[in-house]
Amino acid sequence: MTLNQSFAIRVREILKEKGMTQYKLEQLTGLYHSTMNAMMNNRIKSSNFKTMALIIRELGMSVTEFFDSPIFDFNNLDIDD
């Protein structure tokens with residue numbers, strides 16, 4: 001699984017936990033719907049950290065909290081590109 005795929009899965013997980021919609025997250029971050037959709041549907045080869053950090057902040061989490069998930073275990077990630 002790529003980092004982008006893992007990121008999207010984790011965002012969806014947190015949105016569900018918080019009862020928040022992707023649309024609400026788009027409004028909070030100021031990201032275009034097309035940008036958020038591309039990230040969430042793995043149509044972007046690599047997201048920049050600034051955008052990821054913006055999303056994480058608006059989810060009300062620290063970067064450490066967000067990435068503290070088994071989904072980001074190096075054994076699960078395909079980082080050889």
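The mean pLDDT of this predicted protein model is 92, and 98% of the residues reach 70 or more. Here pLDDT is the predictor's confidence in each residue, from 0 to 100. In this predicted model, local features need pLDDT of at least 70, side-chain atom pairs count only at pLDDT 80 or more, and totals for chains, interfaces and linings use all residues. Residues are numbered from 1 along each chain as its sequence is written, and side-chain values use heavy atoms, with hydrogens and water left out.

Helices are DSSP runs (H or I, at least four residues), numbered from the N terminus. Among the elements, helix α2 (residues 22–29) has the highest mean pLDDT, 97. Helix α3 (residues 33–40) has the lowest, 94.

Helix α1 covers residues 3–18. Its 16 residues should span 22 Å at 1.5 Å a residue (1.5 Å times one less than the number of residues). The end C-alpha atoms of α1 are 22 Å apart, which agrees. G19 follows α1 and has a positive phi, near 65 degrees.

Buried residues (under 20% relative accessible area, 1.4 Å probe, protein chains only) in α1 include F7, V11, I14 and L15. Their cover includes α2, α3, α4 (49–58) and α5 (63–67).

The largest nonpolar core (buried Ala, Val, Leu, Ile, Met, Phe, Trp, Tyr and Cys residues joined through side-chain atoms within 4.5 Å) has 18 residues. F7, V11, L25, I55, L59 and F66 touch the most other members. The largest share, five residues, comes from α1.

Contact means heavy atoms within 4.5 Å. Not counting residues up to four places away in sequence, I55 touches F7, V11, L25, T29, L31, M36 and M39. T51 lies in α4 and is buried, at 16% relative accessible area. With that same sequence exclusion, T51 touches L31 and M39.

Terms used
Helices (H or I, at least four residues) and strands (E, at least two) are DSSP runs, numbered from the N terminus. Buried means under 20% relative accessible area, exposed over 50%, partly exposed in between (1.4 Å probe, protein chains only).
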